[in-house]
Amino acid sequence: MKKSISGWLAALGLVIGLASGLTFSTAASAESGGLAWDKAPNKTNDVAALQNGAKLFVNYCLNCHSAAFMRFNRLQDIGISEQQIKDNLLFTTEKVGETMKANIDARQAKEWFGTTPPDLTLVARSRAGHGGTGADYLYTYLRTYYRDDTKATGWNNLAFPSVAMPNPLWELQGERRPIHAKVEQHGHEADVFTGKWEQVTPGTMTPLQFDTAVGDLVSYMEWMAEPAQNTRIRIGVWVLLFLSMSVIFVWRLNASYWKDVK
């Protein structure tokens, strides 16, 4: 009996130790994880937002990045007609059934930026982390560019320090500078982002308009990563409702079948 209790206590101690270690590692990760991600607006059911996001993606992202697992004609699922696609969105091909591939040469891009621009088809899912969803990351990343003359491109990013890509939306947002404050951290002084920005030069959009546009763009990229997501969720709800009703009928049928069996 004593041996059993002692083994149980040892197991309990191990569980507590593992839980404490997990809590410590999570806290340490949160502390060292850098900038906190902003919550991205969920507009995957907003057709107008998705259409605007598709336009922004083709005009500002598809120049360097491909979405090789997405076809232009799939945009008809968000209410864009084939003729509208041909007239307004086909810059890299003449066929609506082609995939979204960038015209930029991969070798030249690597020479210019130091790395090959990644494919963006699934980036809204692959970039998820402890800070939030992939959409949260993209929403934060696209809104935290700032001028940095020490970098080759002249740009830097709070969510992705020393990023190779220059700000693709700078004309819309304008040039901004993050405001830092001196704080004491781990026994020494450090610059910490205050969450505020100084507008250096204006963009073609107001800050509110720009945040809305980025929300549309990120929502489109989230939809592009899984176009059938909303349909899958709707079907899933009906399936669960059907199964719930079936359980009631099966339970009553079982009771009726066995009531005369002794």
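This passage describes the nonpolar core, a strand hairpin and the cysteines of a predicted model. Residues are numbered from 1 along each chain as its sequence is written, and side-chain values use heavy atoms, with hydrogens and water left out. Local features need pLDDT of at least 70 and side-chain atom pairs count only at pLDDT 80 or more, while totals for chains, interfaces and linings use all residues.

The largest nonpolar core (buried Ala, Val, Leu, Ile, Met, Phe, Trp, Tyr and Cys residues joined through side-chain atoms within 4.5 Å; buried means under 20% relative accessible area, exposed over 50%, partly exposed in between, with a 1.4 Å probe and protein chains only) holds 44 residues, of which Phe 57, Leu 75, Met 100 and Tyr 220 touch the most other members. At least two core residues come from each of helices H2 (47-61), H5 (123-126), H6 (134-141) and H8 (207-225) and strand E1 (67-71); helices (H or I, at least four residues) and strands (E, at least two) are DSSP runs numbered from the N terminus. H8 supplies the largest share, ten residues. Beyond four places in sequence, the contacts of Met 100 include Phe 57, Leu 75 and Tyr 220, where contact means heavy atoms within 4.5 Å.

Turning to the strands, E5 (residues 174-185) pairs with E6 (residues 188-202) in the antiparallel sense over eleven bridges; pairing requires at least two DSSP bridges. Arg 177 has Glu 198 in E6 as its bridge partner. Two residues separate the strands of this hairpin, and His 186 in the turn has a positive phi of about 55 degrees.

Finally, the whole structure contains zero disulfides (pairs of cysteine sulfur atoms within 2.5 Å). The sulfur of Cys 61 lies 9.3 Å from its closest cysteine sulfur, in Cys 64, and is therefore too far for a bond. Cys 61 is buried at 10% relative accessible area, whereas Cys 64 is partly exposed at 27%.
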